[in-house]
Amino acid sequence: MSSVAVVLMAYGSPPTESDVPAYLSDIRGGRPVSAEAIEELKQRYRRIGGRSPLDEITERQRAALERELQLPVFIGMKHWEPRIADAVEGALAGGADTLVGVVLAPHYSRLSIAGYRERLEQTLGSRAELHFVESWHDHVPFIRVLADRVRGFDGHVVFTAHSLPERILAEGDPYRDQLLETARMVADGAGLSDWSFAFQSESATGEPWLGPDILEELGRLAANGVRRVLVCPVGFVSDHLEILWDLDVEARERAQELGLDLERIESLNDDPAFIGALATLVQAQLPREVPA
């Protein structure tokens, strides 16, 4: 009988302001980071209370998923500790001969999810069998959790996700199409007719990024007479900087300028319904002889 462990992966985030330089250096592969970029991110951390809750939330997700599955679950971060390699080694040291890899990001892009798989495979090699979840953007239990959060809202719902460089479209990347499919499925499940999609968290790289940006979309909605907006960030499952700064600070300030009443759904975090959705995702990958 196979011995299975789960590697639960996330991007990673500097827990506190003092960790920002090391985090940015890691993202840039050790290349120099400007003092301006470091200070800008530090200022954002000050505005959200000085720290990111991502580490604690991911640990709660890990522990809850482990209880739900009755299988060992290990955290692996792409750009922080513990690393994906640490998770793999921990799983193997515990006797696992089969790993199920799941990224806490539902939508596939070669610029994101492929990188997680590459790191996982580089460490794992041929030491165990790997089952990797490429995408879960249309996973019905996940859609159901989001639909429950937007159902009955008396206003306009804007679905959002992290933007990526526009060049991915010419490369045939499915990221935007998967996002729009998620939004349509959630809207259908919740019976929404008044909704749109926007991107957030664009980086200043000097090239075009996918749009419209959430701040632009809020301006469009206000100009069209919309007064109440609910933001549903379908591309994120945890509270972290892209939620607490981009939406709770930046988007709220823009909404106030426009006279909009802006709300945001509660992040999925370790909500039992979301953990249940993750569990069914993993169970679909398990070898037949392993009890689900």
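**View 1. T58 sits buried in the predicted model, at 0% relative accessibility.** This is a predicted model, so keep that in mind for every view here. Where does T58 sit? T58 belongs to helix α3, which covers residues 54-69. Buried here means under 20% relative accessible area, so T58, at 0%, makes the cut. Leaving aside residues up to four places away in sequence, T58 touches I75, M77 and L104.

**View 2. Here's the open sheet of 4 strands, ordered β2-β1-β3-β4 with parallel pairing.** Which strands stand at the edges? They are β2 (73-77) and β4 (129-132); each has a single partner strand, so one side of each has no neighbour in the sheet. Going from one strand to the next, the twist averages 25°.

**View 3. Zooming in on β1 and β2, we find two strands that run parallel.** Strand β1 takes in residues 4-10, and 5 bridges join β1 to β2. One pair to look for is V7 and F74: V7 stands opposite F74, which lies in β2. As a reminder for anyone following side chains here, in a regular strand they alternate between the two faces of the sheet.

**View 4. Helix α5 packs on the sheet.** Which strands does α5 touch? The contacts are with β1, β3 (98-103) and β4. Compare directions and you get about 170° between α5 and β4.

**View 5. Now for the helix pair: α4 (residues 84-93) and α5 (residues 113-124) have axes that come within 9 Å.** Two packed helices are described by the angle between their axes and the distance between the axes. For α4 and α5, the axes cross at roughly 45°. That makes α4 oblique to α5. As for handedness, α4 passes α5 in a right-handed crossing.

**View 6. Same helices, side by side with their contact residues: α4 meets α5.** On the α4 side, look for I84, A85, V88, E89 and L92. Their counterparts in α5 are Y116, R119, L120, T123 and L124. How many residues of each class does the contact have? Sorted by class, the contact of α4 with α5 has 7 nonpolar, 1 polar and 2 charged residues.

**View 7. Last up, strands β5 and β6 run parallel, joined by 6 bridges.** β5 spans residues 156-162, while β6 spans residues 195-200. For a sample pairing, take V157, whose bridge partner in β6 is W195. Is β6 mostly covered or mostly open? Mostly covered, as 5 of its 6 residues are buried.

How values were computed:
Residues numbered from 1 in each chain as written. Predicted model: local features only at pLDDT ≥ 70, side-chain atom pairs only at ≥ 80, totals over all residues. Heavy atoms only, no water. Axes fitted to C-alpha atoms, helices over the stretch in contact; angles between N-to-C directions. Parallel < 35°, antiparallel > 145°, perpendicular 65-115°, else oblique. Left-handed = near helix turned anticlockwise from the far one by under 90°. Contact = heavy atoms within 4.5 Å. Nonpolar A, V, L, I, M, F, W, Y, C, P; charged D, E, K, R; others polar. Pairing = 2+ DSSP bridges. Buried < 20%, exposed > 50% of the residue type's maximum accessible area, 1.4 Å probe, protein only.
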